[in-house]
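The following paragraphs walk through one protein model, beginning with its pocket and ending with its sheet. Please keep the sequence and the structure in view while reading.

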Amino acid sequence: MRQLCKGNVALVKGAILAGCRGYYGYPITPASEIAEAAALYFPQVGGTFLQAESETAAINMVYGAAATGLRVMSGSSGPGLSLMQEGISYLAGAELPCVIVDVMRGGPGLGNIAPEQSDYFAMVKGGGHGNYRNLVLAPASVQEMADLTILAFELADKYRNPAIVLADGFVGQMMEPLDLEYREIPQPEKPWAVKGTHETRGNLISSIFLETDELEDHERKMEAKYLRAQALEPRYEMSHTEDAEILLVGYGIVARILHSAVESLRKQGVQAGLFRPITLWPYPSKALAEAAANVERVLVVELSNGQMVEDVRLALNGKVPVEFYGRGGGNVPSVKELQEQVLSRMPATV
């Protein structure tokens, strides 16, 4: 069924199709429509919506629901995610799958309510304490807000780990056609879950290991699944990379603008290509290195002072010059602006 839908609402519809039946959160611009849509739709499918008194309370409710094996989620924006970081670390340490949405706004501090991409470090590098990683997906359209949320639940269960849907405010707030098809999405058995039955009475979901060797063994176990995810789960899109002289790299709304810039530059005779990471962790480093193997330079564009650019530089390991262009405060570069940035970096003969 095709419908005109806002990104934040599409995300909730995707979650319900994925079998999510629990939402615990607190409204915050530009993510408030997620809570509004969850309050409307979750009760209609027998699910639970609860507006917590704070983001800290919400993430701990997610912990409790996830411990029962329920597919559960929460959503917020930067200031709210900051309050959730301890709980996310607890969820990762207890190996409890869940999905958390961050619709990014300007920061640090209260910043403003305009879109940015300044939460990359907090979500991709893990803003909480300890040895853990988040699985992080970056949608660039309303359709992907639904599709990648479904994928996020699948990955969360597969690796028993929090999965983050990291969207900038533009993608959350924009309206586009959304195609949804109802289908049964199978969910894995969860013998570890606490169900209140005699068989599961002995299950204890905790992230505390008082013996040093036990904690080290647990961390090694987590490390092994993260290595497995790094091998199996990187996702990306690229275009015009076969003959590119300059490779443009961006995610979310920026990738869409870069795509238009690449098409326009090609008409001007500039051999530009585009690489868009869909998983920000695990980062598609190998694919990026292959796409950039024969280019003269790489230009990373972000709505920040430069965060993902560090992962691009690590992936390319000094083999290709990596340059950066960023906008902040909610300002978004135009196609013309990005064309000018590219042309200023090309040889004078172009």
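**Pocket and sheet**

In this predicted model, 21 residues line the largest pocket, and those that lie nearest its centre are Gly107, Pro108, Glu116, Ser118 and Asp119. Two elements, helix 4 (78–93) and helix 5 (120–124), each give two or more residues to this lining. Helix 4 gives the most, with five residues. By residue class, the lining of the largest pocket has twelve polar, five nonpolar and four charged residues. The volume of the largest pocket is about 290 Å³.

The sheet can be taken next. It is an open sheet of seven strands with mixed pairing, and the strand order is 3-2-4-5-7-6-12. At its edges are strand 3 (48–51) and strand 12 (279–281), each of which pairs on one side only. From one strand to the next, the twist averages 20 degrees.

In general, the strands of a sheet pair through backbone hydrogen bonds, and the pairing is either parallel or antiparallel. Within this sheet, strand 4 (residues 72–76) and strand 5 (residues 98–104) run parallel and are joined by four bridges. Glycine 75 has valine 101 of strand 5 standing opposite.

Which strands does helix 3 (residues 55–67) lie across? Helix 3 lies across strand 2 (22–25), strand 3, strand 4 and strand 5. Relative to strand 4, helix 3 runs at about 165 degrees. Strand 3, one of the strands that helix 3 lies across, is also an edge strand of the sheet.

Conventions:
Residues numbered from 1 in each chain as written. Predicted model: local features only at pLDDT ≥ 70, side-chain atom pairs only at ≥ 80, totals over all residues. Heavy atoms only, no water. Pairing = 2+ DSSP bridges. Axes fitted to C-alpha atoms, helices over the stretch in contact; angles between N-to-C directions. Contact = heavy atoms within 4.5 Å. 1 Å grid on protein atoms, 1.4 Å probe; cavity = no way out; pocket = protein on both sides within 12 Å on 5 of 7 lines; lining within 4 Å. Points joined across faces, edges and corners; volume = space filled by probe spheres on them. Nonpolar A, V, L, I, M, F, W, Y, C, P; charged D, E, K, R; others polar.
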